[in-house]
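The following explanation is intended for a reader who meets this structure for the first time. It proceeds from the whole chain to selected helices, then to local backbone features and the surroundings of the RNA.

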Amino acid sequence: MSKKLTTREEDYSKWYNELVIKADLAENSGVRGCMVIKPYGFAIWEKMQAELDRMFKETGHENAYFPMFIPKSYFSKEASHVDGFAKECAVVTHYRLKNDENGKVVVDENAKLEEELIVRPTSETIIWDTYRKWIESYRDLPILVNQWANVVRWEMRTRLFLRTTEFLWQEGHTAHATKQEAIEESKQMQEVYAEFAENFMAMPVIKGSKSESERFAGALETYTIEALMQDGKALQAGTSHFLGQNFAKAFDVKFTSKEGKREYVWATSWGVSTRLMGALVMTHSDDKGLVLPPNLAPIQVVIVPIYRNDEHLDAISEKVDELSKSLKSNGVSVKYDKRDTHKPGWKFAEYELKGVPLRIAMGPRDLENGTLEIARRDTSEKKTIAIDETVDYVVSTLKTIQDDLFVKALKFRNEHITEVNSFDEFKEVLETKGGFVSAHWDGSIETEEKIKDLTKATIRCVPNNAEIEQGVCVFTGAKSEKRVLFAKAY
RNA sequence: CGGGGUGUAGCGUAGCCCGGUUAUCGCGCCUCGUUUGGGACGAGGAGGUCGCAAGUUCGAAUCUUGCCACCCCGACCA
């Protein structure tokens, strides 16, 4: 039983509050849409980082770090890129403050920068300016670099997790000698993201390509993974761009080929952000709070003692310490919560809110019987098992939960992909059922735009696995060979 | 930047139309006691520039004006 989510932030607060709070910077500054990630929330991000980082390295990438400040002039070099980001940039104009005659802190007008600095909304420009200096020969290629960083985009409207003014992400920027190699790299990273989403987040995604109007500013092709939230809205969960030679030309990055010719480098960029945490929450959580997949849960098993006096507690703790040790040696993260400031019932509710996959309770009754009670967060199923079976049970059940969460989300997702063949049907499905609508489209930006105006639905992607099928555009009746996926999106 | 709305304790709120004791209630917090297998109960207690400023008035959370901030809907976007 999962709660029907809406678009209103307050409806998410029950889940989000465990992970994140809105930064209260607004008092005088007008800064909005920043978030403080709490330790428990950040622990999830760290787990995501660790897995992604491992996958990046397995595919041959290395990490590096580039400056947060980008000189304004860099932005004028790639026209479509600046069009895409110019309206949402934070600009640094001064480098010093001073006290005025009233003792108030003000900007020192004498400390004005010659050239303004842009707080990176993404790092293509500064990275390509650097790559120019790194690349001379085909022997210097490919460059396969990733950066973990924060970026700032001054969006007109923000939404916690999904679109905050500042957010954490990783951005990969690669340089290649051939077009083919760059395309393969961007497709490969789409696969990496999809694998991560499905295997670790237990979140099914559709792999596809963006339509021209949804493409990244400066890209020739944008590969995306699209997920579906429980409220029937789609969420772009990760993107990988084939940038062609646009940035190489803009930043004059050339190499000498084997044949001795000077050629422009081929580029890709790809990224996922803290938005994934929002996706994780909105995919699995229910009325009782978060539901975290075991592979990303900071605490996989919580143990709650039930006791009337110190003797009980000592006896329980002795058993628990032993159990924790063997769980940990099997790679399970365990928390033993023996605080006496909260009652067991309170703790049960607390860890359900936090989405801990398994909860063990051990009380006097169990001490006598050599048992314990174990409860699954995702199904609420409770069982009494023998203490010496526990490690096996936990290890196998964590796997089961991980799989079950994926299967459940996949079922929901698949039930919310609806094929339609008329525009009436199209509107009807969007309004009543939500989810993805699979429909023929004539391939024109105008049609896409009109459909968006009429229904608020956008083309999420042209699925990679879309079959060739003769049909007519659901809106204009013009010929079409492929169905594309439309949805209302975040 | 357009259209709507809101601002009272850490959080959520009543009171405002129709000005009048010490600003209401719940959660949370502190103390003591009884409790502890699903968010305990009782008693006591702390906590407030009623968004800010000016005005009207004997008297303003309440009326007037100005300002500020935030939220929702739209345009923009990962």
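The paragraphs below describe a predicted model.

Consider first the overall form of chain A. It comprises 15 helices and 27 strands. Its radius of gyration is 26 Å, close to the 23 Å that the globule rule gives for 490 residues, so chain A is as compact as a globular protein of that length. The C-alpha trace of chain A spans about 80 × 70 × 55 Å along its principal axes. Of the 490 residues in chain A, 40% are buried. Among contacts in chain A with a separation of 6 or more, 68% join residues that are 24 or more positions apart.

Three helices may be examined in turn, beginning with α3. Helix α3 covers residues 39-58; at 1.5 Å a residue its 20 residues should span 28 Å, and the 28 Å between its end C-alpha atoms agrees with this. Buried residues in α3 are Gly41, Ile44, Met48, Leu52 and Phe56. These residues cover an arc of only 110° around the axis, which puts them on the same side of α3. The spacing reflects a general rule: an α-helix has 3.6 residues a turn, so residues three or four places apart point the same way. Pro39, Ala50, Arg54 and Glu58 are exposed on the face of α3 turned away from its buried side. Just after α3 comes Gly60, with a positive phi of about 90°.

Helix α10 (residues 310-329) also has 20 residues. From its first C-alpha to its last, α10 reaches 28 Å, close to the 28 Å expected at 1.5 Å a residue. Which residues of α10 are buried? They are Ile316, Val320, Leu323 and Leu327. Because they cover an arc of only 65° around the axis, they lie on the same side of α10. The cover over these buried residues includes the strands β17 (301-305), β18 (334-336) and β19 (358-362), together with α12 and α13 (390-415). The other side of α10 has exposed residues, including Asp310, Glu311, Asp314, Glu318, Lys325 and Ser329. Gly331 follows α10 and has a positive phi, near 80°.

The third helix, α14, runs over residues 423-432, and its buried residues are Phe426, Val429 and Leu430. Seen down the axis of α14, the buried residues fall within an arc of 95°, so they line one face of the helix. They pack against β22 (417-419), β23 (436-440) and α15. Asp424, Glu431 and Thr432 are exposed on the face of α14 turned away from the buried side. Just after α14, Gly434 has a positive phi of about 75°.

A residue in a strand offers another view of the fold. Phe255 belongs to strand β14 (residues 254-256). It counts as buried because it has 20 C-beta neighbours inside 10 Å. Apart from its neighbours within four places in sequence, Phe255 is in contact with residues that include Ile135, Tyr138, Leu141, Ala177 and Val265. Phe255 and Ser317 are 62 residues apart in sequence, and their C-alpha atoms are 65 Å apart in space.

Attention now turns to local backbone geometry. Most residues other than glycine have a negative phi, and most peptide bonds are trans. Against this background, the peptide bond from Leu141 to Pro142 is cis, with omega near -5°. Pro142 lies in the loop between α6 (124-134) and β9 (143-152). Ser380 is not a glycine, yet its phi is positive at about 65°. Ser380 is placed in the loop between β20 and β21 (382-386), and it is exposed, with 11 other C-beta atoms within 10 Å. Lys456, likewise a residue other than glycine, has a positive phi near 70°. The loop between α15 (445-455) and β24 (458-463) holds Lys456, which counts as exposed because it has 11 C-beta neighbours inside 10 Å.

The last subject is the surface near RNA strand B. Which of the 39 residues around RNA strand B come nearest? They are Met156, Gly345, Ala349, Gly363 and Arg365. The elements that give two or more residues to this surface are β13 (234-244), α11 (344-353), α12 (364-369) and β20 (371-376). Of these, α11 gives the most, with eight residues. The surface near RNA strand B divides into 14 nonpolar, nine polar and 16 charged residues.

Technical notes
Residues numbered from 1 in each chain as written. Chains lettered and ligands numbered in written order. Predicted model: local features only at pLDDT ≥ 70, side-chain atom pairs only at ≥ 80, totals over all residues. Near = placed C-beta within 6 Å. Helix = DSSP H or I, 4+ residues; strand = E, 2+ residues; numbered from the N terminus. Nonpolar A, V, L, I, M, F, W, Y, C, P; charged D, E, K, R; others polar. Buried ≥ 20, exposed ≤ 12 C-beta atoms within 10 Å, placed from the backbone. Expected span 1.5 Å × (residues − 1). Arc of directions from axis to C-beta. Rg over C-alpha atoms; globule rule 2.2 N^0.38 Å. Contact = placed C-beta atoms within 7 Å.
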